[in-house]
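Work through the exercises below with the sequence and the model side by side. Each task is followed by a solution in steps.

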Amino acid sequence: MADPTGHILVVGASSGIGRAVAEHFARQGSVVTALARRADRLAELAEAGIATVAADVTDLAAIGGVLQSAVAERGLLTGLVYCAGVQLIKPMRSLGVDEVERVYKTNLVAPTLFAAAFGNARVSTRDAVFCAVSSVAAQRPEPAIVPYAASKAGLDALIRGLARELAPRRAVGVAPGWLDTEMTQAHARLYGDEFKAALEKRSPAGAATVDSVVDAIAFLMSPQARHVTGEILRVDGGATL
Ligand SMILES: NC(=O)c1ccc[n+]([C@@H]2O[C@H](COP(=O)([O-])OP(=O)(O)OC[C@H]3O[C@@H](n4cnc5c(N)ncnc54)[C@H](OP(=O)(O)O)[C@@H]3O)[C@@H](O)[C@H]2O)c1
């Protein structure tokens, strides 16, 4: 289990995987800081004793200051879980500049800057772990999600590079398959009962869930995974085998 005296920053913690990760580490006894834009959703975590920061990760110049404030208030980070992400489902011919920029800023540029600040000895402990949520799309870019897939492939390269450059800190990632979260619920017409049944059928270990992704993150961040770094663990029930 993660160091129960540690301080873990969860970025993108107002819903889905990030919220479940924040709740998991708070239950384990970690000090948790949860960051996202929607203050009303973060307020629900504050009720569970989790410190909250309402911030937009695409405000790139503010990232260093956000980390410094979290550390000043609650101590050096022992872990950072970067869960913030946005999906964009559109053919290449219809892409707009603003939406492409938003995908890369949220999914790749911001985690790069969070990681850069995290690597500082005044921000994280020597044995701290950086973990980011990638996607199976990084290795299997489907039509209509190409910028999303490319941003996640960049995130995978970031994780592997960080594992070398930020050592002895570790850097790891998870690559979930399709999950039932607000991100996918926003496309209910694409992801109806027929889609879910087909996914279940092609997943030899059963379709992945938010809980199974949280379990994988908890393992990767734990001392039990102390020799695992630069690894991006696929959690998709085998759907992309
Ligand atoms: N659901 C899937 O099928 C699936 C599959 C593979 C990978 N993933 C990845 O899993 C991660 C979590 O997604 P999810 O499925 O849990 O969806 P989600 O419920 O929509 O969670 C996304 C989180 O990111 C935060 N976020 C987005 N833009 C942000 C910004 N500009 N600043 C700060 N926070 C921001 C959101 O908070 P606010 O809106 O409050 O800011 C929210 O907390 C993403 O990286 C996603 O790409 C998801």
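**Exercise 1.** How many bridges join strand 5 to strand 6 (residues 170–176), and do these strands run parallel or antiparallel?

Solution. The structure is a predicted model. Step one: strand 5 and strand 6 are joined by 5 bridges. Step two: the two strands run parallel. Step three: for a single pair, take F130, whose bridge partner in strand 6 is A171.

**Exercise 2.** Describe the pairing of strand 5 with strand 4 and the path of the chain between them.

Solution. Step one: strand 4 (residues 77–82) runs parallel to strand 5, with 5 bridges between them. Step two: L80 is the residue that stands opposite F130 of strand 5. Step three: on leaving strand 4 the chain passes through helix 4 (residues 97–118) and then enters strand 5, a β-α-β crossover that is right-handed. Step four: strand 5 covers residues 124–133, and 7 of these 10 residues are buried.

**Exercise 3.** Which residues come nearest to the ligand?

Solution. Step one: 28 residues surround the ligand, and G12, G16, R37, R38 and G85 come nearest. Step two: helix 1 (16–27) and helix 6 (182–185) are the elements that each give two or more residues to this shell. Step three: sorted by type, the shell holds 12 nonpolar, 11 polar and 5 charged residues.

**Exercise 4.** Why can the protein be called as compact as a globular protein of its length?

Solution. Step one: count 8 helices and 7 strands in the protein. Step two: its radius of gyration is 17 Å, close to the 18 Å that the globule rule gives for 241 residues, so the protein is as compact as a globular one of that length. Step three: buried residues make up 41% of the 241.

Definitions and conventions:
Residues are numbered from 1 along each chain as its sequence is written. This is a predicted model: local features need pLDDT of at least 70, side-chain atom pairs count only at pLDDT 80 or more; totals for chains, interfaces and linings use all residues. A residue is near a molecule or strand if its C-beta atom, placed from the backbone, lies within 6 Å of it. Helices (H or I, at least four residues) and strands (E, at least two) are DSSP runs, numbered from the N terminus. Ala, Val, Leu, Ile, Met, Phe, Trp, Tyr, Cys and Pro count as nonpolar, Asp, Glu, Lys and Arg as charged, and the others, Gly among them, as polar. A residue is buried if 20 or more other C-beta atoms lie within 10 Å of its own, exposed if 12 or fewer, and partly exposed in between; C-beta atoms are placed from the backbone. Two strands pair if DSSP finds at least two bridges between them. A crossover is right-handed if, with the strands pointing away from the viewer, the path from the first strand over the helix to the second runs clockwise. The radius of gyration is taken over C-alpha atoms; the globule rule is 2.2 Å times the number of residues to the power 0.38.
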